Amino acid sequence: DGPDAGALRTPIVAVLGHVDHGKTSLLDKIRGSAVTAGESGAITQHIGSTAVPLDVISKMAGDLVDPTDFDLPGLLFIDTPGHHSFSTLRSRGGALADIAILVVDVNDGFQPQTLEAVDILKRTATPFIVAANKVDTVPGWNPNPDEPIQVTKEKQSDRASSDLDEKLYEIIGELSDNGFSADMYWRVQNFQANVGVVPVSAETGEGVPDLLTVLMGLSQRYLKEEMSVDVGGPGVGTVLEVKEARGFGTTVDAVVYDGTVREDDQIVVGGLNGPIVTDVRALLKPKPLAEIRTEQEFERVEEVAAADGVKIAAPDLDSAMAGAPVRVVRDQDVDEVIEAVEAELADIAVSTAEEGLVVKADTLGSLEALSGTLEEHEIPVVRAEVGDVAPRDVRVAGTANEPTNRTILAFGVDVLDDARDLADQEDVNVFENDVIYQLIEDYEDHVEAIET
Ligand code: GTP
Ligand code: MG
């Protein structure tokens, strides 16, 4: 007999990749297959995430998975709508995602947000596999719904099969250019040393059994130790979004990755002006199988246990920050919990130089992703903060000695009118974009223009 399954928590799987490459469709397919398998009730939809129990996964994976090989409870998938939300999903002192699926459209290959995702995975040392999606769009492809990829690939014409191989090798080449040794998943012996590429179609379900099998195998083999948690301890989590909820005021959508959160708990949440100490008023979950992003109707629960997504309603959450930690106080000293939250926030705070650019971003996660990329480009930063571009940011940028440093990079935030006016007067350049690579490219073009 293996270790007690109850003591292992569900691994958190982040699904990330470039816009439109099929992240949500892939999760929909997994949900849909569960419905077809008569298991719809078993799938639980959480705030921002979907939990799929092990027996459902093994049913979908068919012969590829032997459930007796596994004792993890299942997988908790987190969909990431576009890049910057994913970086928000990163927890402090380790990735919130235990493992990840990088979705790449086989026809489109690596795109800017694919690269950004790869950078984040590299920095956080998060193990991942690649879902090479939309194989059904290869010219001449004959779909065999829900079949394992090697089975359906063998039934294709030589032309279609070799077309697919060509596209897959392009993706493997891109991974290698970015420092990852990769291969078709069935050739990978050691998933810690090599990234496995799984060809799939979120449309037809081909390759989905393989994807689930590889994910389960990966988590079982490499994550078991990390999945042993203090089941009943005070909850620890990360804020994904700060949102208004009718009747509850400002709430936070969080993923709890350790312990439990109860309706009567005191919590500490990272906020724009430091830690917020407050009491849970309600723990809310969407009604079963309802689509999370459109769901208005919640039901109250008394407790959530890791790993799980939940909406937390509590007073004073207006200044809570996406990407910030949430910690339950319970029988701990509240000051120690505040310190722990402060320490986590300080970890995220970006190291700054004496002279450099001013960086503003919409969430802690995006600030971190942007700063990490700037560091790789050896671009110094003097101030990095979450929030809209305000006049004081312009004044800081205006004190720079180097003309190229009289610059503000604004990622996914607004530039306040008086800040814009002041920037014009002070000759400070403000670059705005929602794509990190674009922002940096614009800045580098600007530097080149100044220097030549
Ligand atoms: P964002 O959330 O905007 O980043 O996009 P996403 O990655 O979640 O992509 P989404 O699942 O919304 O899919 C984008 C489009 O691609 C939709 O029109 C899907 O129907 C289509 N699509 C996704 N997967 C497949 C696939 O395997 N085959 C085909 N033919 N189309 C697909
Ligand atoms: Mg999506």
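1. Which helix gives the most to the shell around ligand 1? In this model, which is a predicted one, that part is taken by helix α1, spanning residues 23-36, which contributes three residues to the shell. The ligand is surrounded by 17 residues, and the closest of them are K23, T24, S25, D136 and A202.

2. Sorted by class, the residues of the shell around ligand 1 comprise nine polar and five charged ones, together with three that are nonpolar. A reader new to the structure may find it useful to keep this composition in mind when turning to the individual contacts below.

3. Several polar atoms of the protein can be paired with atoms of ligand 1. The side chain of S25 places an N or O atom 2.5 Å from an oxygen atom of the ligand, while a polar backbone atom of G22 lies 2.9 Å from an oxygen atom of ligand 1. On the nitrogen side, a nitrogen atom of the ligand is 3.1 Å from an N or O atom in the side chain of N133. Taken alone, ligand 1 would expose 650 Å², and the protein buries 70% of that area.

4. Away from the ligand contacts, the charged pairs deserve a paragraph of their own. A search of the whole structure yields 21 salt bridges, one of which is formed by K134 with D105, where the closest N and O atoms are 3.4 Å apart. Because K134 sits in the loop between β6 (128-133) and α5 (149-154), whereas D105 belongs to strand β5 (residues 99-105), this pair ties together parts that are 29 residues apart in sequence.

5. Further along the chain, strand β19 (residues 357-361) and strand β20 (residues 381-386) pair in the parallel sense, and the pairing runs over five bridges. Within this arrangement L357 stands opposite V381 of β20. Together with helix α10, which covers residues 364-376, the strands β19 and β20 make up a β-α-β unit that is right-handed.

6. Two points of backbone geometry should be looked at with care. The peptide bond that joins A306 and A307 is cis, with an omega of about -10 degrees, and A307 is placed in the loop between β16 (303-305) and β17 (308-313). The other point concerns D316, which has a positive phi of about 70 degrees although it is not a glycine; D316 is found in the loop between β17 and β18 (325-328).

Key
Residues numbered from 1 in each chain as written. Chains lettered and ligands numbered in written order. Predicted model: local features only at pLDDT ≥ 70, side-chain atom pairs only at ≥ 80, totals over all residues. Heavy atoms only, no water. Near = heavy atom within 4 Å. Polar contact = N/O pair within 3.5 Å; in protein donor to acceptor, adjacent residues only side chain to side chain. Areas by Shrake-Rupley, 256 points an atom, 1.4 Å probe, with all protein chains shown as cover. Helix = DSSP H or I, 4+ residues; strand = E, 2+ residues; numbered from the N terminus. Nonpolar A, V, L, I, M, F, W, Y, C, P; charged D, E, K, R; others polar. Pairing = 2+ DSSP bridges. Right-handed = clockwise from strand over helix to strand, strands pointing away. Salt bridge = Lys/Arg side-chain N within 4 Å of Asp/Glu carboxyl O.
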